[in-house]
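User: I would like to learn how to read a model like this one step by step, starting with the general idea and then turning to the case at hand. Could we go through it together?

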Amino acid sequence: LAQGNCGFAARLARARGSAKRRAMAERYAIRKDSPAEDAKVPELVKLRIAREAALTEEKEKALVAKEKELAVQREALKKRTQEYEKEYASTQQQLVDLRREAKLGGNFFVEPEA
């Protein structure tokens, strides 16, 4: 499929992904190969090794920061979920109490509309 012919969900996911661009060091694989200790190495290879070492360090820092951010998000989600569950339970208990009260009084209970 051409990129323009994707479904709405795919376009939405792509838009969300572009809104939250990740750092280069986090997105790309970094080579781990290195020359032997006693081998003569060209200058460009030395520069590449140094660059990849810096990218590896940056990637590790970015992953640690992302893990911390996700942990904070999980805690916030857990807290919101508990609040919603508490609110839902209290609403359900209130409806049960109203039904019981109506039954004891010999009345009918009309369910609230959404």
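User: What percentage of the residues of the protein chain count as buried?

Analyst: Burial is judged from relative accessible area, and a residue counts as buried when that value is under 20%. In this predicted model, 7% of the 114 residues of the protein chain meet that description. The chain exposes about 10,500 Å², of which carbon and sulfur atoms supply 56%.

User: Which secondary structure elements does the protein chain have, and in what order do they run?

Analyst: The protein chain comes to 3 helices and 0 strands, so that, read from the N terminus on, the elements run α-α-α. Among contacts between residues at least 6 apart in sequence, 47% join residues at least 24 apart.

User: Where is confidence lowest in the protein chain, and where is it highest?

Analyst: It helps to begin with the chain as a whole, where the mean pLDDT is 83 and 75% of the residues reach 70 or more. Confidence is lowest in helix H2, residues 24–27, with a mean of 57, and highest in H3, with a mean of 94.

User: How far apart are the end C-alpha atoms of H3, and what span should its residues give?

Analyst: The general approach is to compare an expected span with the distance found in the model. At 1.5 Å a residue, the 62 residues of H3 should span 92 Å, and the end C-alpha atoms of H3 are 91 Å apart, which agrees. Just after H3, Gly106 takes a positive phi of about 75°.

User: Which residues of H3 are buried?

Analyst: The buried residues of H3 are Arg48, Glu52, Leu55, Leu95 and Ala102. Arg48, which lies in this helix of residues 43–104, is counted as buried because its relative accessible area is 16%, below the 20% cut-off. Leaving aside residues up to four places away in sequence, Arg48 touches Arg31 and Asp33.

User: How many salt bridges does the structure hold, and what is the partner of Arg48 in one of them?

Analyst: The structure holds 3 salt bridges. In one of them Arg48 pairs with Glu52, the closest N and O atoms being 3.4 Å apart, and both Arg48 and Glu52 are buried.

User: Why are Arg48 and Glu52 separated by about one helical turn?

Analyst: The general idea is that an α-helix has 3.6 residues a turn, so residues three or four places apart point the same way. In this case Arg48 and Glu52 are 4 residues apart in helix H3, and therefore are separated by about one helical turn.

User: Are Lys61 and Glu57 exposed or partly exposed?

Analyst: Lys61 counts as exposed because its relative accessibility is 56%, whereas Glu57, at 45%, counts as partly exposed. Their side chains meet in a salt bridge with an N to O distance of 3.4 Å, and, being 4 residues apart in helix H3, Lys61 and Glu57 are also separated by about one helical turn.

User: What parts of the chain does the salt bridge of Arg99 and Glu111 link?

Analyst: The side chains of Arg99 and Glu111 meet in a salt bridge, at 2.9 Å from N to O. This pair links distant parts of the chain, with Arg99 in helix H3 and Glu111 in the segment after H3, 12 residues apart. Arg99 is partly exposed, with a relative accessible area of 33%, and Glu111 is likewise partly exposed, with a value of 43%.

Technical notes:
Residues numbered from 1 in each chain as written. Predicted model: local features only at pLDDT ≥ 70, side-chain atom pairs only at ≥ 80, totals over all residues. Heavy atoms only, no water. Helix = DSSP H or I, 4+ residues; strand = E, 2+ residues; numbered from the N terminus. Buried < 20%, exposed > 50% of the residue type's maximum accessible area, 1.4 Å probe, protein only. Contact = heavy atoms within 4.5 Å. pLDDT = per-residue confidence, 0-100. Expected span 1.5 Å × (residues − 1). Areas by Shrake-Rupley, 256 points an atom, 1.4 Å probe, with all protein chains shown as cover. Salt bridge = Lys/Arg side-chain N within 4 Å of Asp/Glu carboxyl O.
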